[in-house]
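Please keep the sequence and the model side by side while you read, and try each question yourself before you go on to its answer.

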Amino acid sequence: MMKYSLTAQCVTVGLILGISVFLTGCATTSSMRSKGSGEPEDLTGKWTWTQGLPAPQPANLFQGEFVLEKDGDSYSGTLDDISEGTYGDTIKDVTVVNDRISFTRQGQFGMQQWKGTLKKENGELKVVDGQWTKGGIAGIWSAHKID
């Protein structure tokens, strides 16, 4: 009987500690990637991007530019796909959490989800390790800010 009581107490304490660690993490997690000063990285401006299918598929490399604008606390923009000849696709649902960015591209050929890691190298803001999805198709993409 003592063994069951001690086990139940240990499980209860473990649950309480686990929940408190989870809640503390949620309360302290930043929703925006920060520079050293605590300000979010400025994503506004013109970017150039490339997109393709992962190996071993043929490259099927697409390229273009997009522009992000900030309105209050949110971003939106437009995307030009020079390779497919579509211009002015809508960028919406831009989300930045820590160093991860994601957004939706709504264009002439449907909707795509784009995600990637924000990284600053040699003073240049980039998106690396990018992945895009559309329906059951997935691929890779990268970008860097040019203006």
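Q: Is Arg-105 buried or exposed?
A: The model is a predicted one, in which local features need pLDDT (the predictor's confidence in each residue, from 0 to 100) of at least 70 and side-chain atom pairs count only at pLDDT 80 or more, while totals for chains, interfaces and linings use all residues. Residues are numbered from 1 along each chain as its sequence is written, and side-chain values use heavy atoms, with hydrogens and water left out. A residue is buried under 20% relative accessible area, exposed over 50% and partly exposed in between, for a 1.4 Å probe and protein chains only. Because the relative accessibility of Arg-105 is 3%, this residue counts as buried.

Q: Which residue meets Arg-105 in a salt bridge at 2.9 Å, N to O?
A: A salt bridge here is a side-chain nitrogen of Lys or Arg within 4 Å of a carboxyl oxygen of Asp or Glu. Arg-105 lies in strand E5 and its partner in the loop between strand E3 (74-81) and E4, so the pair ties together parts that are 21 residues apart in sequence; helices (H or I, at least four residues) and strands (E, at least two) are DSSP runs, numbered from the N terminus. The partner is partly exposed, with a relative accessible area of 31%. The residue whose side chain meets that of Arg-105 is Glu-84.

Q: Which residues are joined into one network by salt bridges that share partners?
A: The structure holds seven salt bridges, and one of them brings together Glu-124 and Lys-126, with the closest N and O atoms 3.8 Å apart. Glu-124 is partly exposed at 28% relative accessibility, and Lys-126 is partly exposed at 21%. Where salt bridges share partners, they form one network, and its members are Asp-81, Glu-84, Asp-89 and Arg-105.

Q: How many residues apart are Lys-46 and Glu-65, which form a pair linking distant parts of the chain?
A: Lys-46 and Glu-65 form a salt bridge whose closest N and O atoms are 3.4 Å apart. Lys-46 counts as partly exposed at 33% relative accessibility, and Glu-65 likewise counts as partly exposed at 27%. Lys-46 belongs to strand E1 and Glu-65 to strand E2 (residues 62-71), and their separation along the chain is 19 residues.

Q: What is the volume of the largest pocket?
A: On a 1 Å grid over the protein atoms alone, a pocket is an open set of points where a 1.4 Å probe fits, with protein on both sides within 12 Å along at least five of seven lines, and lining residues have an atom within 4 Å of a point. Grid points are joined across faces, edges and corners, and a volume is the space filled by probe spheres set on the points. For the largest pocket, this comes to about 240 Å³.

Q: Which residues lie closest to the centre of the largest pocket?
A: Strands E1 (45-52), E4 (86-97), E5 (100-107), E6 (110-121) and E7 (124-134) each give two or more residues to the lining of the largest pocket. By class, this lining has five nonpolar residues (Ala, Val, Leu, Ile, Met, Phe, Trp, Tyr, Cys and Pro), five charged ones (Asp, Glu, Lys and Arg) and eight polar ones (the others, Gly among them). Of the 18 lining residues, the closest to the centre are Gln-51, Glu-84, Gln-112, Trp-132 and Lys-134.

Q: How far apart in space are Asp-42 and Leu-125, C-alpha to C-alpha?
A: Asp-42 is found in the loop between helix H1 (2-28) and E1, and it is partly exposed, with a relative accessible area of 38%. Leaving aside neighbours within four places in sequence, Asp-42 is in contact (heavy atoms within 4.5 Å) with Tyr-75, Leu-125 and Lys-145. Although Asp-42 and Leu-125 are 83 residues apart in sequence, their C-alpha atoms are separated in space by 9.1 Å.

Q: Over which residues is the pLDDT below 50?
A: The mean pLDDT of the protein is 78, and 70% of its residues reach 70 or more. Where pLDDT is low, the predicted coordinates should not be read in detail. One stretch has 23 contacts in the model beyond near neighbours in sequence, yet its pLDDT is below 50, and this stretch is residues 10-39.
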